[in-house]
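Visitor: Please show me the structure, and let us then discuss its aromatic side chains and one of its helices.

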Amino acid sequence: MKLFGQGRAALADDPATAGRLGWSLRRRSLPEPEVILVPRSGDPHREPWIAPPWFDPALGLHALRRKAGRRRTWSYLAEVPGVLRCLARLAEPPPEKGWCIGVAGLGRVGGVAATLLAATPTGASGIRELVIHDADASNQERWLLELGSIARWRGRSACPVVRSATTRELFLRCDAFLFAATDSVPPPEARGEVRLVQFDPNRSILNDFLVEACAVDYAGLFLIVSDPVEWLAQAAFHDSNSDSSGCFTGSGLAPERIAGLGLGVMWARALAAARRDGIEAAVARVGAAYGPHSTEVIMFDDLENPNAVRSERLTRAARECNFKVRDLGHLPYVGPGVSSVGLMVPSLLAGREVLASVLVGEIYFGAPARMAWGIHPTAHRMTDGVWDTIAGLHEGLRSQARSLELQWTAPYPRRGAVS
Ligand SMILES: NC(=O)c1ccc[n+]([C@@H]2O[C@H](COP(=O)([O-])OP(=O)(O)OC[C@H]3O[C@@H](n4cnc5c(N)ncnc54)[C@H](O)[C@@H]3O)[C@@H](O)[C@H]2O)c1
């Protein structure tokens, strides 16, 4: 096997891509690369551009219940223009002194999330710097002062340094970016759909960030917190990779570097119900959450031995808690900022399993997931009944993605195909 590249990642037997990257034959004096990548063929409209050995994109949605066969090598789609930027970034050493995280939108949810991240010592979170940005200059200044006022009395472990930045600077500095901005959230008395109604205005705000990210060849993580979480994640992939006539360019964000963070609070709401029923410990161990940050989310008390009544109670609790807080005249944001983001991001960065909405079976879908360069779903044993429920939900969301025109309809032209 001929290896190309001198960094922590190397390409195997692909001199053409290595040439485009400017990577030469690996020197024999260097240690074994941590990551060996082989080219794979696949559809970059619908699957990760780079995948770790434990994740097989060909499994589609079945990746939620089946592990990839034993392999040592990673795989990548050599034909996608944007994969070069990703490979170059993957070959760099991970940030030595900790991650730099950007937060755009310091409102209720973004503010609580940033507070928790700013109060967690770097030694525990892996985050050395928090860079904040808000369209409202005085709000941004306020949060800079507030977050800058978080410190311990003679503590040994430092908390992250907090700075503010323009959108361009955010993408130049950050390893991961959190999108928590919104045009507006329906007021507490609003009933019915309170998330999807934010799609058009928030997609438009998101687009300004995508333009900036692409302008500086951003290859960091792009994490969506704003609603509707999954559709905005899908839009981040679609819109950053479409030209003005809607055709796929493949030069935008890699799909596996985008994820939605909204399932954490749904799970926390289900666990609160389990606690009331005296079954929290068991549910926390063998239960799970799947689906979107919406009233379609589903919970299971036990993936391998589900109890329909218990699962239904947990699902209902997850779906309804939002409205219970609203009935009291408030918008829910503490649970979301803490459970979906503040507690989730450090685990995600550490490579532990989290709950996130990731590209699986063509759409962004909430599931247990783990980061290895990209964020991919992790496989869990489950009964056929559980699988059927998840697959049914996924199918419904897939057709919704088509009706929202968030997918490319033309097939990806294979190399050598006549256009
Ligand atoms: N993922 C979750 O778990 C979860 C849970 C609850 C709510 N949410 C969603 O999170 C989003 C934020 O909710 P919120 O209550 O914090 O809203 P908010 O109105 O309190 O805050 C929004 C912030 O975004 C800022 N903003 C607006 N346009 C901007 C731009 N172009 N650039 C930078 N900043 C901009 C505003 O100035 C404001 O500070 C909403 O979409 C909400 O539905 C997500």
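Guide: This is a predicted model. A place to begin is the pair of residues F171 and F177, both of which are buried.

Visitor: How many aromatic pairs does the count come to, and what kind of pair do F171 and F177 form?

Guide: The count comes to eleven aromatic pairs. For F171 and F177, the ring centres lie 4.7 Å apart and the planes meet at 50°. Planes under 30 degrees apart would count as stacked and those over 60 as edge-to-face, so the pair of F171 and F177, at 50°, is tilted.

Visitor: Which residues do ring pairs link into a cluster?

Guide: F171 and F177 belong to this cluster. Ring pairs join them with further residues, and the full set is F171, F177, F179, F209, Y218 and F222.

Visitor: What kind of aromatic pair do F248 and W408 form, and how many residues apart are they?

Guide: The centres of F248 and W408 are 4.8 Å apart with 80° between the planes, which makes the pair edge-to-face. F248 is in the loop between α8 (229–240) and β11 (258–260), while W408 is in the segment after α14 (384–403). The pair therefore links distant parts of the chain, and the separation is 160 residues.

Visitor: Are F248 and W408 buried or exposed?

Guide: The relative accessibility of F248 is 17%, and that of W408 is 6%. Buried means under 20%, so F248 and W408 are both buried.

Visitor: Which residue lies over the face of W387, and which over the face of W373?

Guide: At 4.1 Å from the ring centre of W387 lies R65. Over the face of W373, at 3.7 Å from the ring centre, the residue is R257.

Visitor: Where do the buried residues of α14 fall when seen down its axis?

Guide: The buried residues of α14 are V386, W387, I390, L393, H394, L397, R398 and A401. Seen down the axis, they fall within an arc of 145°, so they line one face of the helix.

Visitor: Which exposed residues does the face turned away from the buried side of α14 carry, and what do the buried residues pack against?

Guide: The face turned away carries D384, D388 and S403. The buried residues of α14 pack against α8, β12 (288–290), β13 (298–300), β14 (354–360) and β15 (363–372).

Visitor: What span does α14 reach from its first C-alpha to its last?

Guide: α14 has 20 residues, and at 1.5 Å a residue the expected span is 28 Å. The span in the model is close to that value, at 29 Å.

How values were computed: Residues numbered from 1 in each chain as written. Predicted model: local features only at pLDDT ≥ 70, side-chain atom pairs only at ≥ 80, totals over all residues. Heavy atoms only, no water. Phe/Tyr/Trp six-rings, centres within 6.5 Å; stacked < 30°, edge-to-face > 60°. Buried < 20%, exposed > 50% of the residue type's maximum accessible area, 1.4 Å probe, protein only. Helix = DSSP H or I, 4+ residues; strand = E, 2+ residues; numbered from the N terminus. Lys NZ or Arg CZ within 6 Å of the ring centre and 35° of its normal. Expected span 1.5 Å × (residues − 1). Arc of directions from axis to C-beta. Contact = heavy atoms within 4.5 Å.
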